[in-house]
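This report walks through one structure a region at a time. Please keep the sequence and the 3D view open as you read.

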Amino acid sequence: MIEMLQFDFMVRALTAALLVGLAAPAVGVFVVQRRLALLGDGIGHVALTGVALGFLTGTAPVLTAVVVAVLGAVVIELVRARGRTTGDVALALLFYGGIAGGVLLIGLAPGGSNSTLTSYLFGSISSVTTEDVWVIAILTAFVLGVVAVFGRELFVLCQDEEVARVNGLPVRFLSLLIAITAALTVVIAMRVVGLLLVSALMVVPVATGQQVTRSFTATMLLAMLLGVVSTVGGLTTAFYAGVAPGAAIVLLALAGFAVALVAGRFVRRGRVAGLERGRVPATMEAGP
Amino acid sequence: MTPSAQATGVSERSAAPAAPVAFAMSGGQVSLDGRRVLRGVDLRITAGEVVAVLGANGSGKSTLIRALLGLIPLSGGTTELYGVPPARFRDWWRIGYVPQRLSAGGGVPATVREVVASGRIARRGRLRRARPEDRAAVARALAAVDLTERAGDPVGFLSGGQQQRVLIARALAGEPDTFVMDEPTAGVDAASQRQLAATLTGLVQEGRTVLLVAHELGPLAPLITRSIVLRDGLVTHDHRPAEDAGCHPRPGHEQVHPHAYDVSGGPMSPGASR
């Protein structure tokens, strides 16, 4: 661990990994509860066009990716809010457009090629610059701020949209807020695990956490902890084993899920049995 | 949820000269997927009434109450919530909505307490931390549905009837003066139905307005002051059995809705109104 910290690029990479590990599951818990687990994937595809646009126009790809991903997220949310059956296809069309647009635009960029995109598709955390770290830090602060300020409202919204409406919550605004926050998370995580695996960091720690937790809050906190363990642990593994960091991070997260799935079975079974035992005397008291 | 606390909460708002008509729909029409589900409904529900909307499956019961709340847009006619179209209604803290079932969503666990506490959302500002009165309201709501001991359990572990009680507790936690319940008795065991009847009795005694959709009333029947029967999207019966039974005393009712019966002009519960 100490040895790894002697390299500046690893310090930057670890900082980025830590921030992403915190932010992605914090948004992810709402995204999963809202049944939008694939939203991150969709935004990731669209963000590729943004990256290519950055190379084409000579702007920082992270910034153009933010703009395009946010626009994509808004479109996805509008499609989702409007229709039911046709929405699926409309979203699929958008995703294909995102990938195709990215490949097309990168070809037009001076000196650009598909290999330029590869580092964004699969992540290149070791090439994270100081500027990247700052952008990631600011976006992470925004994402965590959204969760802190709007968390209770988002909980109601993700639980039941009609109930949110009858509580007078600004449903359209909150829906857009989730979509936009997810888009920013995608861009944050893009450099760490790559656009194709971004969604894993939003979904897998949450899926792992909910195997063993009882409450929403505990799920979120455990997911954030698992997120950090996965990103930092995966990056460390990658450093020493010489494997691809993005893949190592996601596989570590998935391994955690597999363990939790088995552990959860036992925890749940014990707990349900406990509840049954606790309930028996109560019913007997209530009886004649 | 003491009657006095509720009374002050209400009187602040209803001090305005507006008549306390909770729901007013005129010529209400709703089309869903090209099918006309409501075909011209006229309905006025006065604050303090306990109204059951009855009817067969597909008669438009749920659609009616969702349209009254503005959850479904009307394709014709108008509807008002306390004198304001739902789109411009702001006093949502007044409404406690109990949907048909607890939605599982994406399966992230939530405890009974978390779900019930979320019912305070219309009462709590965005950045305001939970105050003692918030916690007290949640505790009272949990106690009212007899789920205090299950507060820490995930809602997914509860039976259907218990989940229904969680939804009712969530509405109670917001301390609304108007309850809208979509089939609160559907798929609920007899014990939970009696529990619901007891909870509703308390609310009715405090003078709250209740609008509920039901397939059959069961133990709720004695509480109902008015039943509306829907058939094919039209109101076919509007019946007020109130006067033929004095079985719903309402102590403190006058303080809560002083004008309720002046406006309705109906012959309902004359003994209770003055």
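## The nonpolar core

In this predicted model, the largest nonpolar core holds 160 residues, and the members that touch the most other members are A47(A), A69(A), A183(A), V187(A) and A169(B). The element that gives the most to this core is helix α1 of chain A, residues 8-33, with 14 residues. In soluble globular proteins, nonpolar side chains tend to be buried together.

A69(A) offers a way to look at the core from one position, since its contacts can be listed by name. Leaving aside residues up to four places away in sequence, A69(A) touches I43(A), V46(A), A47(A), G50(A), A183(A), V186(A) and V187(A).

## Helix α8 of chain A

Helix α8 of chain A covers residues 171-193, which makes 23 residues, and from its first C-alpha to its last it reaches 32 Å, close to the 33 Å expected at 1.5 Å a residue. There is nevertheless a kink of about 25 degrees in α8(A), and its centre is V187(A), a residue that is also listed among those touching the most other members of the largest nonpolar core.

Is this helix enclosed or open? Because 17 of the 23 residues of α8(A) are buried, the helix is largely enclosed by the rest of the structure. After α8(A) comes G194(A), whose phi is positive, near 90 degrees.

## Where chain A meets chain B

At the place where the two chains touch, 29 residues of chain A are in contact with 25 residues of chain B. On the side of chain A that touches chain B, at least two residues each come from α1, α6 (130-159), α7 (161-166), α9 (198-212) and α10 (216-241). Of these, α6(A) supplies the largest share, seven residues. Sorted by character, the residues on this side of chain A divide into 13 nonpolar, eight polar and eight charged.

Helix α9 of chain A also contains A207(A). A207(A) counts as buried because 25 other C-beta atoms lie within 10 Å, where 20 or more are needed. Its C-alpha atom is separated by 15 Å from that of V229(A), although the two residues are 22 residues apart along the chain.

## Chain B and its hairpin

Chain B has nine helices and nine strands, and buried residues make up 47% of its 274 residues. Among the contacts in chain B with a separation of 6 or more, 75% are between residues 24 or more positions apart.

Two of the strands of chain B, β8 (residues 226-231) and β9 (residues 234-239), run antiparallel and are joined by five bridges. In this pairing V229(B) stands opposite H237(B), which belongs to β9(B). The two strands form a hairpin with two residues between them, and D232(B) in the turn has a positive phi of about 50 degrees.

## Two unusual backbone angles in loops

Most residues other than glycine have a negative phi. Y82(B), which is not a glycine, has a positive phi of about 45 degrees, and it lies in the loop between β4 (76-81) and β5 (95-98) of chain B. Y82(B) counts as buried because it has 23 C-beta neighbours inside 10 Å.

D146(B), again not a glycine, has a positive phi of about 65 degrees, and its place is the loop between α4 (132-144) and α5 (160-173) of chain B. Here 16 other C-beta atoms lie within 10 Å, so D146(B) is partly exposed.

Technical notes: Residues are numbered from 1 along each chain as its sequence is written. Chains are lettered from A and ligands numbered from 1 in the order in which they are written. This is a predicted model: local features need pLDDT of at least 70, side-chain atom pairs count only at pLDDT 80 or more; totals for chains, interfaces and linings use all residues. A nonpolar core is a set of buried Ala, Val, Leu, Ile, Met, Phe, Trp, Tyr and Cys residues joined through C-beta atoms within 7 Å. A residue is buried if 20 or more other C-beta atoms lie within 10 Å of its own, exposed if 12 or fewer, and partly exposed in between; C-beta atoms are placed from the backbone. Helices (H or I, at least four residues) and strands (E, at least two) are DSSP runs, numbered from the N terminus. Two residues are in contact if their C-beta atoms, placed from the backbone, lie within 7 Å. Ala, Val, Leu, Ile, Met, Phe, Trp, Tyr, Cys and Pro count as nonpolar, Asp, Glu, Lys and Arg as charged, and the others, Gly among them, as polar. The expected span of a helix is 1.5 Å times one less than its number of residues. The bend at a residue is the angle between axes fitted to the seven residues ending there and the seven starting there. Two strands pair if DSSP finds at least two bridges between them.
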